[in-house]
Amino acid sequence: QIDPTQYIRQIIRNVPDWPKPGVTFRDITPVLQDPRSFRVLIDLFVYRYMGQKLDLVAGVDARGFIVGSVLAYELNLGFVPVRKKGKLPFNTVAEEYSLEYGNASVEMHTDSVRPGQRVLLIDDLIATGGTLLAAARLLQRLGANVVEAAAIIDLPELGGSQAVKDSGLSVYTVCS
Ligand code: PRP
Ligand code: HPA
């Protein structure tokens, strides 16, 4: 008998010293590459969200697109991208967040969400939480109701999931 969370956790690859010395990168590509773990992963999210009142899935550039779009399709929902700055062609709104050195920003199309729509926000990983917090602010500025912020992996020692919870959002992660 396989515990799905354990199964996913053991397939995630820890890459030492990437992108820089001292950082261990949690690489989800093996989970996506293996058809069984890819299905188990998506099904964990499907089981959590099927039957919940949702209108859209918003996925964060870039790995949030992979899980978010498949999940949206499985739940019969639309998908909207939260993109890194300068990638979206139409009218956009932007939110800045801080990185270790300097700032970055995420953007959405102004017409990607209608006021009152119930949105599930998803990414691969929560580190400091800055990315998901900025994405949630964008969605809220557009009038969305962010039902939950979800990710595959939480790095709890960085405090990001707590910060996202402290902002008033519900948070779900598959493993840490
Ligand atoms: C990673 C990850 C999350 C974010 C988490 O993406 O995919 O989006 O960082 O970090 P945070 O919780 O501290 O904000 P990254 O910014 O490296 O961009 P990428 O998708 O282009 O690799
Ligand atoms: N994996 C993916 N994205 C990340 C990580 C990681 O280990 N740390 C910060 N963002």
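Begin by selecting P19, which is found in the loop between β1 (13–16) and β2 (24–27). Helices and strands here are DSSP runs numbered from the N terminus (helices are H or I, at least four residues; strands are E, at least two). Before you move on: this is a predicted model, where local features need pLDDT of at least 70 and side-chain atom pairs count only at pLDDT 80 or more, while totals for chains, interfaces and linings use all residues. Residues are numbered from 1 along each chain as its sequence is written, chains are lettered from A and ligands numbered from 1 in the order in which they are written, and side-chain values use heavy atoms, with hydrogens and water left out.

**Stop 1: some backbone oddities**

Still on P19? Show W18 too, and look at the peptide bond from W18 to P19: that bond is cis, with omega near 5°. Now click on D17, which is also in the loop between β1 and β2. D17 isn't a glycine, yet its phi is positive, about 60°.

Next, jump to A62, in the loop between β3 (56–60) and α4 (63–74). Where does the chain make a cis peptide bond with A62? Look at the link from D61 to A62, which is cis, with omega near 5°. Keep D61 on screen, as you'll need it at the ligand 1 stop.

**Stop 2: the largest pocket**

Turn on a surface and find the largest pocket, which has a volume of about 1100 Å³. To see the middle of this pocket, select F25, R63, L99, L125 and A127, the closest to its centre of the 31 residues that line it. A pocket here is an open set of 1 Å grid points over the protein atoms alone where a 1.4 Å probe fits, with protein on both sides within 12 Å along at least five of seven lines; lining residues have an atom within 4 Å of a point. Points join across faces, edges and corners, and the volume is the space filled by probe spheres set on them.

Try colouring β2, β5 (92–98), β7 and α5: each of them supplies at least two residues of the pocket's lining. Which element gives the most to that lining? It's β7, with four residues.

**Stop 3: ligand 1**

Show ligand 1 as sticks: it sits in the largest pocket (more than half of its atoms lie within 2 Å of the pocket's grid points). Two elements give two or more residues to the shell around ligand 1: β7 (118–126) and α5 (130–141). The largest share, four residues, comes from β7.

Now select D123, D124, T128, G129 and T131, which come nearest of the 13 residues around ligand 1 (a residue is near if one of its heavy atoms lies within 4 Å).

Then go hunting for polar contacts, meaning pairs of N or O atoms within 3.5 Å. Remember D61? One of its backbone N or O atoms is 3.4 Å from an oxygen atom of ligand 1. A127 also uses a backbone N or O atom, 2.8 Å from a ligand 1 oxygen. With K84, look at the side chain instead: a polar atom there lies 2.8 Å from an oxygen atom of ligand 1. How much of ligand 1 does the protein cover? The answer is 72% of the 500 Å² of accessible area that ligand 1 has on its own (Shrake-Rupley method, 1.4 Å probe).

**Stop 4: ligand 2**

Finally, switch to ligand 2, which sits in the largest pocket as well. The elements giving two or more residues to its shell are β2 and β7, and β2 gives the most, with three residues. Select T24, F25, R26, R63, D124, L125 and A127 to see the residues around ligand 2. Zoom in on R26: a polar backbone atom of this residue is 2.7 Å from an oxygen atom of ligand 2. The protein covers 75% of the 260 Å² of accessible area that ligand 2 has on its own.

Note on methods:
Polar contact = N/O pair within 3.5 Å; in protein donor to acceptor, adjacent residues only side chain to side chain.
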